[in-house]
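User: Please take a close look at one part of this chain. I would like the unusual backbone geometry there, then the charged side chains around the rest of the fold.

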Amino acid sequence: MIRRPPRSTPSNSSAASDVYKRQGVYMATLILKPKHEFTVPVEVEKIIPDNIAGKSLDEVLEIRVYEGNRRRTLGELFEVSGEIAEKPAEQEIIFQRNTCKIRRIGEEMSAGKIIVEGDAGPLAGFKMKGGTLIIKGNAGPWLGAKMKKGFIEVFGDAEGFVGSKLRGEELYSGMSGGMIIIHGNAGREVGAHMVGGAILVEGNAGILPGMHMAKGEIMIKGNCAGWPGTHMVGGKIIILGKVESIAPSFYFEAVKKKAKFVKEKIPGPFYLFLGDVLDNIAIPGKLLISVENNPHLKYYEQFVEEVKDEWVEAV
């Protein structure tokens, strides 16, 4: 076990670690492999760079985890090998083999990097405060829920409630900062109750993205199953694919040539809707929907012409 890793590149380093080396930061890599196939959920919220860095291997092996309702140690459930850094920002943790039953990966991490080489269970990145979480498979529900800072990237699909709050919690207490990128599809209520940060879904999304959204940005490159932005009081949702339906409590405002997502210009044109006026008419959210992929919304364009005619007559 190396407490202070050398500057030479280890043979088992990941491509993600190479990025950090090019930036002048060496990432000490710790690899975790389940000793058996898990049949019940395993909770690993304590296995983050913040709690690993600066410890000895023996101390790491004694960190508490749960298998179902039974308290275990990390060493009882996982084979542990690799390096331990002195600082959390220099620590990389890799989960290998069967990972789909592992929950709460990266919870409240503030620095460093975690890579999941398979699927991740529910609540990955929950209350994340910084650092990077990479999931090479699919992600369970509540990915990045209540996230404050950091970066999450999922190369598969994500289930519902990405960046949301938990059931029963107060309004507008979801994701408040950071960035989530999902290369596949996402489930229902992406970004519900979010108050900051940004979510990018490169595939399709389920119903009610941005429900009760107050701030932040969501962009869906694929289709939306319907009702985007319902009850939103702020923030922005951009949809490049087809939208099945829109809540009637949104006002049609204009046709925009382009949109902006995290400082990047997105070519349009887009239908711009403001709402949800049932929740807040003074400070509405913005809903931008592709004109090209939503011909069933074309009838709104007549209202743009009517407004132009009224303006000309008034002048």
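Analyst: Asp276 sits in the loop between strand 16 and strand 17 (285-290). Strands here are DSSP runs of E with at least two residues, helices are runs of H or I with at least four, and the numbering starts at the N terminus. The peptide bond leading from Gly275 into Asp276 is cis, with omega near 5°. This is a predicted model, in which local features need pLDDT of at least 70 and side-chain atom pairs count only at pLDDT 80 or more, while totals for chains, interfaces and linings use all residues. Residues are numbered from 1 along each chain as its sequence is written, and side-chain values use heavy atoms, with hydrogens and water left out.

Stay with strand 16. It covers residues 264-275, and Pro269 lies within it. The bond from Gly268 to Pro269 is cis, with omega near 10°.

Tyr271 brings in a partner from strand 15. Its C-alpha lies 6.4 Å from the C-alpha of Lys256, although 15 residues separate the two in sequence. Lys256 belongs to strand 15. Lys256 is partly exposed because its relative accessible area is 37%. The scale runs as follows: buried is under 20%, exposed is over 50%, and partly exposed falls in between, with a 1.4 Å probe and protein chains only.

Strand 15 carries charge to the surface. Lys257, Lys258, Lys260 and Lys265 make up a positive surface patch. A patch takes residues with over 30% relative accessible area and no salt bridge; like charges are joined within 9 Å, and nonpolar side chains (Val, Leu, Ile, Met, Phe, Trp, Tyr) within 5 Å. Areas come from the Shrake-Rupley method with a 1.4 Å probe, and for residues only the protein chains shown count as cover. Lys and Arg count as positive, Asp and Glu as negative; His and the chain ends are not counted. Each charge is placed at NZ of Lys, CZ of Arg, CG of Asp or CD of Glu. Strand 15 (residues 251-261) is the top contributor to the positive patch, with three residues. Lys258 is in strand 15. Its relative accessible area is 48%, so Lys258 is partly exposed.

There is a negative counterpart. Asp58, Glu59, Glu62 and Glu76 form a negative surface patch. Glu59 falls in helix 3 (residues 57-61). Glu59 is partly exposed, because its relative accessible area is 45%.

Now the paired charges. The model has 12 salt bridges, each being a side-chain nitrogen of Lys or Arg within 4 Å of a carboxyl oxygen of Asp or Glu. One of them joins Glu79 and Arg97, with the closest N and O atoms 3.7 Å apart. That pair links distant parts of the chain: Glu79 is in strand 5 (residues 78-82), Arg97 is in the loop between strand 6 (91-95) and strand 7 (102-103), and their positions lie 18 residues apart. Glu79 has 39% relative accessibility, so it counts as partly exposed.

Another bridge runs between Glu107 and Arg104, at 2.6 Å for the closest N and O atoms. Glu107 counts as buried, because its relative accessibility is 7%. The two residues belong to a salt-bridge network that links Glu43, Glu45, Arg64, Arg104 and Glu107.

Lys146 deserves a closer look. It is in the loop between strand 9 (129-135) and strand 10 (149-154). Its side chain meets that of Glu169 in a salt bridge, 3.3 Å from N to O. Glu169 lies in the loop between strand 10 and strand 11 (176-182), so the bridge ties together parts that are 23 residues apart in sequence. Lys146 is buried, because its relative accessible area is 16%. Glu169 is partly exposed, with 29%. A polar atom of the Lys146 side chain is 2.9 Å from the backbone oxygen of Ser173.

Back to the backbone for two last residues. His193 has phi near 65°, a positive value in a residue other than glycine. His193 lies in the loop between strand 11 and strand 12 (195-201). With 7% relative accessibility, His193 counts as buried. Leu208 is not a glycine, yet its phi is positive, at about 60°. Its place is the loop between strand 12 and strand 13 (215-220). Leu208 counts as buried, because its relative accessibility is 14%.

Key. A polar contact is a pair of N or O atoms within 3.5 Å; within protein, one must be able to donate a hydrogen and the other to accept it, and residues adjacent in sequence count only if both atoms are side-chain atoms.
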